[in-house]
Amino acid sequence: MPETLVPACQELEAAFREAWADQSFRDELDGLLADYAGRPSPITECHRLSAELGVRVLLKREDLNHTGSHKINNVLGQALLAKRMGKTRLVAETGAGQHGVASATAAALMGMECKVFMGEVDMERQALNVFRMRLLGAEVVPAMSGSRTLKDAVNEAMRDWVATVENTHYCLGSVMGPHPYPWMVREFHTVIGKESREQCAKLLENEIPDVVTACVGGGSNAIGIFSGFADTTAELVGVEPAGGAAVGRGVPGVVHGMKSYLMQDEFGQVQEAHSISAGLDYPGVGPEHSHLSSIGRARYEQVTDDEVIAAFQLLSRTEGIIPALEPAHALAWISRDRVKLAGKTVLLNMSGRGDKDVGQMMEILG
Amino acid sequence: MSPTLAEEGLTIPDAPAEPGEFELSLRATRESGRKLLIAYVTGGLHDEWPDVVRAVADAGADAIEIGIPFSDPVMDGPVIQEASELALRDGASPVTVLDTLRTIDAGVPLAVMTYYNLAFHMGHERFASLMYEAGVRAAILPDLPLEEVGPWASAADPAGIETVMLAAPTAPDERLPRVVARSRGFVYAVGLLGVTGERDALAESSLIIARRLKAITDKPVLVGVGVSNGQQAAEVSQVADGCVIGSALMRRVVEGDGPAGAGAFIADVRAALDAS
């Protein structure tokens with residue numbers, strides 16, 4: 001973490017601590033989450049999919065939120081906080097574009113300026129989201145360095161923030177980066193876990209599912225849903241892309257202001273991640289996932305691009321729900337391990353809808 | 001020992017009371033009435049980089065910062081990003097750069113500038129001792145702030161590596177003395193809000209941060225980030241003890257000016273400093 005940003009992070013921590021304890025801030029955020037984002041999101045029981053897999057699958061429908069993913073929970077919180085701190089401008093990184101779209105949306109809602117960095121490679125495969133962000137009034141800037149994906153978009157966003165920290169808030173999109181981000185972003189997503197816990201209590205005889213699963217890139221949607229079940233007997237399973245499995249294949253490292261598992265070469269140079277999903281194309285992972293893994297509270301599985309493509313089609317065909325490629329990773333794991341999971345109840349965080357991926361899948365499936 | 005996720009704790013050891021070799025050398029030069037000039041050279045960029053180091057030393061740099069290229073240089077602008085990327089593509093690593101460095105007799109003190117993960121990954125003790133064996137006496141890790149410096153400094157101090165701390169324009173008054181107290185070799189004053197790179201004019205903020213630092217320390221204060229030519233170097237050195245020049249030099253190297261061009265540029269900056 002560059003020295004220039006240390007005072008800004010300290011100021012942000014103090015501001016968040018104060019806001020989070022302030023009932024009027026919480027009420028304002030809850031109001032936006034309900035009336036603007038459409039919370040609470042339902043849980044959908046997947047009858048046909050469950051019959052086909054022999055596993056009872058429930059979906060937490062974050063894909064039904066405004067802007068089409070869980071990202072809006074965090075972004076509305078951060079934008080409100082930024083406004084409270086007197087900042088007039090948001091800068092953000094984005095992989096698949098979901099966090100960028102959510103940031104551009106919040107900026108439009110609150111009358112703030114917004115600049116989004118996106119890897120050049122990702123801008124090509126997620127052209128629709130680039131257009132959406134521009135339509136919402138945001139400036140979208142390609143990250144041209146390194147692997148030209150999410151990791152490099154984070155670098156560019158940090159470089160911008162170093163230069164603009166006086167009037168700008170860095171609206172970071174996952175449970176990663178320097179303190180207080182992993183904690184703050186987690187807090188903004190605990191609403192997913194809290195709602196899920198209450199909904200499961202009504203829906204399930206045992207009140208809690210046997211397994212709670214979510215995809216993991218930086219890991220914000222997973223942390224959000226895990227938070228509701230960390231104190232239960234539910235097994236927590238994060239699913240990483242095989243080409244970007246920081247927990248599964250990384251070793252401890254320090255980058256982007258955090259110490260966590262990181263894919264790197266023998267000298268500590270950060271390696272490029274490779275995944276069909278732009279949103280999970282990140283060689284690191286939020287530090288809380290590294291912690292949950294090292295204490296054994298959560299485990300992390302890997303799936304291949306081909307398994308994800310099959311899962312994407314499976315859910316579309318059996319339930320009429322086109323998933324984003326990111327949560328399709330979690331379904332791909334359920335599908336692969338269905339024999340081991342037979343008879344169990346699995347809650348999957350459906351973190352985003354698949355509209356953004358349809359163009360890419362059209363090319364792949366022909 | 002391979003790195004672990006375990007917290008080493010946040011204790012920050014006091015910097016040794018006595019200045020190290022690097023700082024003593026800069027102090028002696030300053031005492032002689034000369035403004036200090038440190039040139040930054042990306043290690044491993046083209047086969048000729050040792051000649052670039054020698055050329056800028058001969059042209060009047062008082063010390064040289066060797067950049068060990070890192071995959072994610074978040075404090076660097078486009079020029080040093082490109083230089084780093086090219087060097088990495090040429091196969092540069094901490095080991096190859098330090099191995100080569102030990103064969104270069106530059107005749108001036110050497111510092112390494114790189115990012116913390118390379119030290120963390122190799123292990124603090126090993127990284128510090130490899131640097132020392134290569135003739136390096138100071139380290140600049142721009143993504144390792146005061147709060148996190150403890151584990152590294154505990155290894156670097158006894159190994160003879162002076163850790164230079166960055167002092168940013170955003171630091172409140174209560175923070176600067178703590179940064180200065182922990183800084184060894186010199187104090188690196190960050191000249192502006194932003195990453196490394198050339199600017200058309202010297203930022204007002206570089207004079208302000210230099211003034212704030214000079215008021216509280218007699219350690220050498222050098223301004224880096226955004227010092228782009230002889231005129232700007234002379235301007236900022238009216239307040240500071242000197243400056244660090246990186247991007248303006250590396251742009252010339254990346255563009256193919258070679259050791260001779262690099263030397264000529266540093267000679268110009270030196271002349272401007274000496275004339276001021």
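Where does Pro40(A) lie in chain A? Pro40(A) sits in the loop that runs between helix H2 (23–35) and strand S1 (43–45) of chain A. The peptide bond leading into it, from Arg39(A) to Pro40(A), is cis, with omega near 0°. The structure is a predicted model. The points below cover backbone features, two helices, the contact between the chains, and the nonpolar core.

**Backbone features of chain A**
- A cis peptide bond also joins His179(A) to Pro180(A), with omega near 10°.
- Pro180(A) is placed in the loop between strand S6 (168–170) and H9 of chain A.
- Glu207(A) is not a glycine, yet its phi is positive, at about 70°.
- The loop between H9 and strand S7 (211–215) of chain A holds Glu207(A).
- Glu207(A) counts as exposed because it has 12 C-beta neighbours inside 10 Å, and the cut-off for exposed is 12 or fewer.

**Backbone features of chain B**
- Val225(B), not a glycine either, has a positive phi of about 75°.
- Val225(B) is in the loop between strand S7 (221–224) and helix H10 (230–236) of chain B.
- With 31 other C-beta atoms within 10 Å, Val225(B) is buried, since 20 or more are needed for that class.

**Helix H9 of chain A**
- H9(A) covers residues 181–203, which is 23 residues.
- From first C-alpha to last, H9(A) reaches 33 Å, close to the 33 Å expected at 1.5 Å a residue.
- H9(A) nevertheless has a kink of about 40°, centred on Phe188(A).

**Helix H4 of chain B**
- In H4(B), residues 94–101, the buried residues are Pro94(B), Val97(B), Leu98(B) and Leu101(B).
- These residues lie on the same side of H4(B), because they cover an arc of only 90° around the axis.
- In an α-helix there are 3.6 residues a turn, so residues three or four places apart point the same way.
- The packing partners of the buried residues of H4(B) in chain B include two helices, H5 (116–122) and H6 (124–133).
- Strands S2 (63–67), S3 (110–113) and S4 (136–140) of chain B also pack against the buried residues of H4(B).

**Contact between chains A and B**
- Chain A gives 28 residues to the contact and chain B gives 30 residues.
- On the side of chain A that touches chain B, at least two residues each come from helix H1 (6–20), helix H8 (150–164), strand S9 (251–255) and helix H12 (287–294).
- H8(A) supplies the largest share of that side, six residues.
- By class, the side of chain A that touches chain B has 14 nonpolar, 10 polar and four charged residues.

**Nonpolar core**
- The largest nonpolar core has 220 residues.
- Val56(B), Ile64(B), Ala167(B) and Ala189(B) have the most contacts inside this core.
- Leaving out residues up to four places away in sequence, Val56(B) touches Ala39(B), Val41(B), Ala61(B), Ile64(B), Ala262(B), Gly263(B) and Ile266(B).
- In soluble globular proteins, nonpolar side chains tend to be buried together.

**Leu207 of chain B**
- Leu207(B) belongs to helix H9 (residues 204–214) of chain B.
- Leu207(B) is partly exposed, with 18 other C-beta atoms within 10 Å.
- Setting aside neighbours within four places in sequence, Leu207(B) is in contact with Val236(B) and Val239(B).
- Leu207(B) and Leu37(B) are 170 residues apart along the chain, and their C-alpha atoms are separated by 16 Å.

Technical notes. Residues are numbered from 1 along each chain as its sequence is written. Chains are lettered from A and ligands numbered from 1 in the order in which they are written. This is a predicted model: local features need pLDDT of at least 70, side-chain atom pairs count only at pLDDT 80 or more; totals for chains, interfaces and linings use all residues. Helices (H or I, at least four residues) and strands (E, at least two) are DSSP runs, numbered from the N terminus. The expected span of a helix is 1.5 Å times one less than its number of residues. The bend at a residue is the angle between axes fitted to the seven residues ending there and the seven starting there. The arc is that of the directions from the helix axis to the C-beta atoms. Two residues are in contact if their C-beta atoms, placed from the backbone, lie within 7 Å. Ala, Val, Leu, Ile, Met, Phe, Trp, Tyr, Cys and Pro count as nonpolar, Asp, Glu, Lys and Arg as charged, and the others, Gly among them, as polar. A nonpolar core is a set of buried Ala, Val, Leu, Ile, Met, Phe, Trp, Tyr and Cys residues joined through C-beta atoms within 7 Å.
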